[in-house]
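Me: I would like to learn how to read the packing in a protein model, one feature at a time. Could we go through it together?

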Amino acid sequence: MNKTRLFIDTSVISHLDAPDTPDKMQDTHKLWDEIKTGVYDILISDIVIEEIARCSQPKLDKLLGYLAEIEYQRIDSNDEIEEIAAQIIELKILKEKSRDDCMHIGAAIAGKCDYLVSWNFKHMVNVKTIKGVRAVTNLLGYNNIDIIQPTMLVEKGE
């Protein structure tokens, strides 16, 4: 049986070390613990790695340490991902200034992920983007992808 494929964006990894948002950090750690068991196939793009590399110390070392705890496939930017990102911008789902977010979405779609997991409500986890991305996947002949926050994947222990 195929595992569920998750594309993890930078915001998820960043929230592993986010004491200013304890609820999000706690849910992200719950998801990370599940990821470490190998229950999901994880994809991370070169853009995610570049964004993490821009963090200052000591956060950079912490985030790289978390990444070292999991198995993931790295997907590098290519013409296919660029084309999907361009379509997202052309259809005015997101603006050019959000190109990295468009590239995350493109990588998740090209990587045949079931879910793009993000804490980015402004650009990704919102109705406009979710509907727009569904239109793009239909237009370009890709499988649909759901864009969700980490909380949707973790069991609540209440």
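Me: How many aromatic pairs does the structure hold?

Reply: Bear in mind that this is a predicted model. The structure holds 1 aromatic pair. Its members are Trp119 and Phe121, whose ring centres lie 6.2 Å apart with the planes at 70°, and because planes over 60 degrees apart count as edge-to-face, that is the class of this pair.

Me: Is Trp119 buried or exposed?

Reply: Trp119 has a relative accessible area of 6% and is therefore buried, whereas its partner Phe121, at 33%, is partly exposed.

Me: How should I read two helices that pack together, and at what angle do helix 3 and helix 4 pack?

Reply: The general idea is that two packed helices are described by the angle between their axes and the distance between the axes. Here helix 3 (residues 46-53) and helix 4 (residues 59-68) pack at about 150°, and their axes are 9 Å apart. Angles over 145 degrees count as roughly antiparallel, which is why helix 3 is described that way relative to helix 4.

Me: Which residues make that contact?

Reply: Helix 3 contributes Ile49, Ile52 and Ala53, while helix 4 contributes Leu60, Leu63, Leu64 and Leu67. Sorted by class, this contact has 7 nonpolar residues, with no polar and no charged ones.

As a general guide to spacing, an α-helix has 3.6 residues a turn, so residues three or four places apart point the same way.

Me: Which residues of helix 3 are buried, and what do they pack against?

Reply: The buried residues of helix 3 are Asp46, Ile47, Val48, Glu51 and Ile52. They pack against several elements, among them strand 1 (4-8), strand 2 (40-45), helix 4 and helix 6 (99-110).

Me: Which residues touch the most other members of the largest nonpolar core?

Reply: That core has 49 residues, and Phe7, Ile8, Ile13 and Trp32 are the ones that touch the most other members. Helix 6 supplies the largest share of the core, 7 residues. Taking Ile8 as a case, and leaving aside neighbours within four places in sequence, its contacts include Ile13, Trp32, Ile44, Val48 and Val117.

Me: Where is Leu16 found, and is Leu16 buried or exposed?

Reply: Leu16 lies in the loop between helix 1 and helix 2 (22-36), and with 2% relative accessibility this residue counts as buried. Again leaving aside neighbours within four places in sequence, Leu16 is in contact with Met25, Thr28, His29, Trp32 and Tyr66. By contrast, the C-alpha atoms of Leu16 and Glu90, 74 residues apart along the chain, are separated by 33 Å.

Definitions and conventions: Residues are numbered from 1 along each chain as its sequence is written. This is a predicted model: local features need pLDDT of at least 70, side-chain atom pairs count only at pLDDT 80 or more; totals for chains, interfaces and linings use all residues. Side-chain values use heavy atoms; hydrogens and water are left out. Axes are lines fitted to C-alpha atoms, for helices over the stretch in contact, and angles run from 0 to 180 degrees between N-to-C directions. Helices (H or I, at least four residues) and strands (E, at least two) are DSSP runs, numbered from the N terminus. Angles under 35 degrees count as roughly parallel, over 145 as roughly antiparallel, 65 to 115 as roughly perpendicular and the rest as oblique. Contact means heavy atoms within 4.5 Å. Ala, Val, Leu, Ile, Met, Phe, Trp, Tyr, Cys and Pro count as nonpolar, Asp, Glu, Lys and Arg as charged, and the others, Gly among them, as polar. Rings of Phe, Tyr and Trp (its six-membered ring) pair if their centres lie within 6.5 Å; planes under 30 degrees apart count as stacked, over 60 as edge-to-face and the rest as tilted. Buried means under 20% relative accessible area, exposed over 50%, partly exposed in between (1.4 Å probe, protein chains only). A nonpolar core is a set of buried Ala, Val, Leu, Ile, Met, Phe, Trp, Tyr and Cys residues joined through side-chain atoms within 4.5 Å.
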